Amino acid sequence: MSEIEDPDDRGISITAPKTWATGAPAVAHALQYSMGQTSVRRTTLTLLNINQANGFDCPGCAWPEPEHRHRNEYCENGAKHIADEATSRRVTTDFFRRHPISELDQKSDYWLNQQGRLTEPMVKRPDADHYEPIGWNEAFHLLADELNRLDSPDEALFYTSGRVSNEAAFLLQLFARAFGTNNLPDCSNMCHESSGAALNETLGIGKGSVSLQDIYEADLIFVVGQNPGTNHPRMLSALEETKRNGGRIVAVNPLPEAGLLRFKHPQKARGVIGRGTAIADQFLQIRPGGDLALFQALNLLLLQSEDERPGTVLDHAFISTHTTGFADFAEHARKVTWPDILAATGLSREQIEQVHQQVLQSTKIIVCWAMGLTQHKHGVPTIREVVNFLLLRGNIGRPGAGVCPVRGHSNVQGDRTMGIWEKMPQLFLDALEHEFGFTPPARHGLDSVDAIRAMRDGSAKVFLGMAGNFVRASPDSAVTEEAMRRCRLTAHVSTKLNRSHTVCGETALILPTLGRSDRDVQAGREQFITVEDSMSEVHASRGRLAPASAHLLSEVAIISRLARRTLGDRPSIPWEDFEADYGTIRDRIARVVPGFTDFNARVAHPGGFRLPNPVNEKRFPTPSGKAVFTRNAFEMLQAPTGHLILQTLRSHDQWNTVPYAMNDRYRGIRNARRVVLVNPADLEALGIADRCEVDLVGVWSDGVERRAPGFRVVSYPTTPGSAAAYYPETNVLVPLDSVADVSNTPTSKSVVIRLEPVREGADAWAG
């Protein structure tokens, strides 16, 4: 198959944003993309097996499957993602012979991804500008020798993306800790770490508490700082069920998102020929970062309503029995002022009081959120305030109510459960020691931001990445790239080409692996892996396609062979057995990880099993044994005069850092990614014409100018004072040291910028 051209913005067009999502066009777009990647037969095989009990888990989002699954249990973006993995395009040795790394480094993310599946291990030698083939044994020898040359195990980094299976994640953390380090940065550090930090502090467990059945049964659901129509479209099916059961939904977001306005279910007649279902009963178009003030306002109103009608508003029995810190919280909560609330949220008091009335009429409330809350400096306090809100009326630990952080990556929750965390508790480390006979390091390791700092400063010298695209997913692109290039060796376990392969260390390895949809046979027996979704459901995943190349190894095989080569027989861990039979890994997981007793037997049940959550039994593993009310200082994002607050986001045709097309269909943008969405009133105030070309210039306290050049301004109904643009193109504007308090998560939703026109006037666009 011939190589595609790298797209540019010729033929760009802008139309009005959509007011509904999915429907028949989503099916057509998914099939069109699939047919452009592979054959009718492979497309049919993948779509019939994705998210089925005996098939493979979608490598895209972590939204759970319902108990009774549809034969077509996938969304548009899931179908695109699996077609992208099942592509018939191949990246061979000849490709790397024709394309030097310096040339590949100038290509777009879209172009790199579209070249196809990686087919054999490759190496870049010191001072070389080409990758060349390398045998697996030599690759493991090279990497193991480099690891063993380090002055300290803490000079190595073991990064994990959420695509990695439970089995591979467990082995990776076991290898890293047996090697002697807790340096286990992962993608959660850059997205939902604020959720885990806030929930661990307040509820004692860093994950959500609700199930799909709870979503269906809720009286009121808040969907805050997220865009389900693009990032996890199957959530819209669940919200539609909520509406049909009489529940109500409040959407809170700086941009109107099509999926939260109206949803046309493509598997229902009403979604194909009808108007579909209006999802949000109320849309609060909030200022970026104003969610903390919103929930502080709602909590103030609940306290005042209790004053007016004592004993009828708050759940005093729940508060007195199951919580601590209420009095201090209530004293603090009453000090917030309405002028501050209205300034921080950009909402009217009437809008907030309307939501308050809905809260009073509801006995079962769920709050769902994503990166719109977590990627702010005050992300952790915001989520703590959400917990305060739910605790006040006992909406924790009962059916139809609870906390719901919606993770956008397939197994990011499972990776954490398996021990991929630089700060795993001592109980987990003790269990590892008891099971495997070595003492894991107790010193906390490096998260993703600190890993970049360590590479930049020369204190980390070897980087091993399991899946993902670390270079493009990380903040402060120039700093991240320079940090990676300072490593002695970088190695990436990958299915497809990405920019992390072009921004590499002195020596670099590409280690190609099986995809989620590929058949995995070890020692003559077909294997399966497991994953954990956003709602703690653990289930099996079995690939059905012939592997893209005979030279591919599974993630489990790669880790096992590397561990044997690096560690030898110290300690005595049966890596060969693990590679030959994944069931032996699950037996060890069952003895180490709480909740996984009889793992192999339970996961054999169609649909798997749900992990226990003590919160739902009103048990809170906090130091006090109770849920914790917290005092959270009022925070308000403010930009200097002439500046805007930028949030980075995905386009609709995108999965994480990978664009599948140059379009954003729901926002009305075609053939462009370097666009910035700005409220028309702000454009008028700034004296900038719609459609003109600007540079985005980041402004932060370190005085370093961060510039994203060549963006087109698009007049768009964003919240006044804010702007939005796609990542990873705008990651260059996010300072490495601008992070959330407590969680160290990059503040990608609150970047202060100015628009600097490139030239006078505006170019004429189609559309």
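In this predicted model, R602 lies over the face of F609, at 4.0 Å from the ring centre. You can find another such arrangement around W20, where K264 sits over the face of the ring, again at 4.0 Å from the ring centre. Try turning the structure until you look straight down on each ring.

Rings can also meet other rings. How many aromatic pairs does a search of the whole structure find? It finds 22. One of them joins F170 and F436, whose ring centres are 6.3 Å apart. Why is this pair called tilted? The planes of F170 and F436 stand at 45 degrees, so the pair falls between stacked, which needs under 30 degrees, and edge-to-face, which needs over 60. The pair links distant parts of the chain: F170 belongs to helix α8 (residues 166–179), F436 belongs to helix α23 (residues 426–436), and they are 266 residues apart. Are these two residues buried or exposed? F170 has a relative accessible area of 0%, so F170 is buried. F436 has 5% relative accessibility, and because buried means under 20%, F436 counts as buried as well. Elsewhere, F95, F96, W111 and Y131 come together as one aromatic cluster.

F170 also leads us to the nonpolar core. Here is a general idea to keep in mind: in soluble globular proteins, nonpolar side chains tend to be buried together. In this model, the largest nonpolar core has 67 residues, and F158, F170 and F175 touch the most other members. Helix α8 supplies the largest share of this core, with ten residues. To see how one residue fits in, look at F158. Leaving aside residues up to four places away in sequence, F158 touches L147, L172, F175, A176, F179, T181, N183, L184, P185 and L464. There is also a second, separate core of 52 residues, and L314, V336, V387 and A627 are among its members.

Now let us turn to charged side chains. The count of salt bridges comes to 55. In one of them, the side chains of E193 and R416 meet at 3.1 Å, N to O. What does this pair tie together? E193 is in helix α9 (residues 193–203) and R416 is in helix α22 (residues 412–417), so the salt bridge connects parts that are 223 residues apart in sequence. Both E193 and R416 are buried.

A second salt bridge joins the side chains of K377 and D741, at 2.9 Å, N to O. K377 lies in the loop between α20 (371–374) and α21 (379–392), while D741 lies in the loop between β32 (722–726) and β33 (751–757), so this pair ties together parts that are 364 residues apart in sequence. K377 has a relative accessible area of 46%, so K377 is partly exposed. D741 is partly exposed too, with a relative accessible area of 33%.

The side chains of E617 and R619 also meet in a salt bridge, at 3.0 Å, N to O. R619 is partly exposed, with a relative accessible area of 46%. Salt bridges can be linked together as well: D695, E705, R707, R754 and E756 form such a network.

Next, follow the chain into helix α12 (residues 234–244). This helix is mostly covered, with eight of its eleven residues buried. The buried residues in α12 are R234, M235, L236, A238, L239, E240, T242 and K243. Just after α12, G246 takes a positive phi of about 95 degrees.

For a look at strands, find the open sheet with the order β2-β10-β11, where the pairing of the three strands is mixed. Which strands form the edges? They are β2 (21–22) and β11 (277–278), each of which pairs on one side only. Strand β10 (residues 262–264) runs antiparallel to β11, and two bridges join them. The bridge partner of R262 in β11 is A278.

Our last stop is T490, found in strand β17 (residues 489–494). T490 has a relative accessible area of 0%, so T490 is buried. Which residues does T490 touch, not counting those up to four places away in sequence? They are F463, M484, C504, G505, T507, A508 and L509. Finally, compare T490 with Q522: these two are 32 residues apart in sequence, and 27 Å separates them in space, C-alpha to C-alpha.

Methods:
Residues are numbered from 1 along each chain as its sequence is written. This is a predicted model: local features need pLDDT of at least 70, side-chain atom pairs count only at pLDDT 80 or more; totals for chains, interfaces and linings use all residues. Side-chain values use heavy atoms; hydrogens and water are left out. Rings of Phe, Tyr and Trp (its six-membered ring) pair if their centres lie within 6.5 Å; planes under 30 degrees apart count as stacked, over 60 as edge-to-face and the rest as tilted. Helices (H or I, at least four residues) and strands (E, at least two) are DSSP runs, numbered from the N terminus. Buried means under 20% relative accessible area, exposed over 50%, partly exposed in between (1.4 Å probe, protein chains only). A charge sits over a ring if NZ of Lys or CZ of Arg is within 6 Å of the ring centre and within 35 degrees of the ring normal. A salt bridge is a side-chain nitrogen of Lys or Arg within 4 Å of a carboxyl oxygen of Asp or Glu. A nonpolar core is a set of buried Ala, Val, Leu, Ile, Met, Phe, Trp, Tyr and Cys residues joined through side-chain atoms within 4.5 Å. Contact means heavy atoms within 4.5 Å. Two strands pair if DSSP finds at least two bridges between them.
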